[in-house]
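Trainee: Please take one part of this protein and look at it closely. Then show me how that part fits with the rest.

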Amino acid sequence: MPSIDIHHEHSKTPKQARKALEDVAEKLSERFGMQHEWDGDTLTFNRSGVDGKIELSPKKLHVTAQLGFMLSMLKDPIESEIRRVLNEKFG
């Protein structure tokens, strides 16, 4: 099963980082129809064929996602969009 594994450093406060992740989740929802929810400091997201999470730490984010067969062909655009939005929101 294809997977996405992204590490992204940031310098935001926990409150700022959480708000920025909410914005990231909204963009992913708009673009790919993903649902999301918080579990502590981890934002989980999913839709048919995708299960993932973004773990929020004081100085970094760790994005992981498992893609099902049908979405495996979209791995590169999905990963590119995640990276683009992370760069936009976290620099």
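**Strand β4 and its surroundings**

Mentor: Begin with strand β4, residues 50–56. One face is covered: V50, G52, I54 and L56. The other face is uncovered and carries D51, K53 and E55. Strands here are DSSP runs of E with at least two residues; helices are runs of H or I with at least four; both are numbered from the N terminus. This is a predicted model, so local features need pLDDT of at least 70, side-chain atom pairs count only at pLDDT 80 or more, and totals for chains, interfaces and linings use all residues. Residues are numbered from 1 along each chain as its sequence is written, and side-chain values use heavy atoms, with hydrogens and water left out.

Now the partners of β4. Strand β3 (residues 42–47) runs antiparallel to β4, and 6 bridges join the two. Pairing means that DSSP finds at least two bridges between two strands. L43 has I54 as its bridge partner in β4. I54 belongs to the covered face of β4. β3 and β4 make a hairpin, with 2 residues between them. G49 sits in that turn, with a positive phi of about 90°.

β4 also pairs with strand β5, again in the antiparallel sense, over 7 bridges. These two strands form a hairpin too, with 3 residues between them. V50, on the covered face of β4, has L67 of β5 as its bridge partner. L67 is buried, at 0% relative accessible area. Buried means under 20% relative accessible area, exposed means over 50%, and partly exposed lies in between (1.4 Å probe, protein chains only).

Follow β5 onward. This strand spans residues 60–67 and pairs with β1 (residues 3–9), antiparallel, over 7 bridges. I4 of β1 has A65 as its bridge partner in β5. β1 has two faces as well. I4, I6 and H8 make up the covered one. S3, D5, H7 and E9 make up the uncovered one.

V63 shows how these pieces meet. This valine lies in β5 and is buried, at 1% relative accessibility. Contact means heavy atoms within 4.5 Å. Setting aside neighbours within four places in sequence, V63 is in contact with I4, D5 and I6, among others. F45 is also on the contact list of V63, as are K53 and I54. K53 is on the uncovered face of β4, while I54 is on the covered one. I82 and L86 complete the contacts of V63. V63 and I6 are 57 residues apart in sequence, yet 5.0 Å apart in space, C-alpha to C-alpha.

Next comes helix α2, residues 75–90. R83 is found in this helix, and so is E79. E79 counts as buried, at 14% relative accessibility. Leaving out residues up to four places away in sequence, E79 touches I4 and I6. Both of these isoleucines are on the covered face of β1. R83 is partly exposed, with a relative accessible area of 37%. On the same sequence rule, R83 touches D5 and I6. D5 belongs to the uncovered face of β1, and I6 to the covered one.

R83 also gives two distances. L67 and R83 are 16 residues apart in sequence and 16 Å apart in space, C-alpha to C-alpha. R83 and K15 are 68 residues apart along the chain, and their C-alpha atoms are separated by 21 Å.

Step back to the whole protein. The model holds 2 helices and 5 strands. Along the sequence they follow the pattern β-α-β-β-β-β-α. The radius of gyration is 12 Å, close to the 12 Å that the globule rule gives for 91 residues, so the protein is as compact as a globular protein of that length. (The radius is taken over C-alpha atoms; the rule is 2.2 Å times the number of residues to the power 0.38.) The C-alpha atoms fill a box of roughly 35 × 20 × 20 Å, taken along the principal axes.

Of the 91 residues, 37% count as buried. Among contacts between residues at least 6 apart in sequence, 52% join residues at least 24 apart. The contacts of R83 with D5 and I6 tie α2 to β1.
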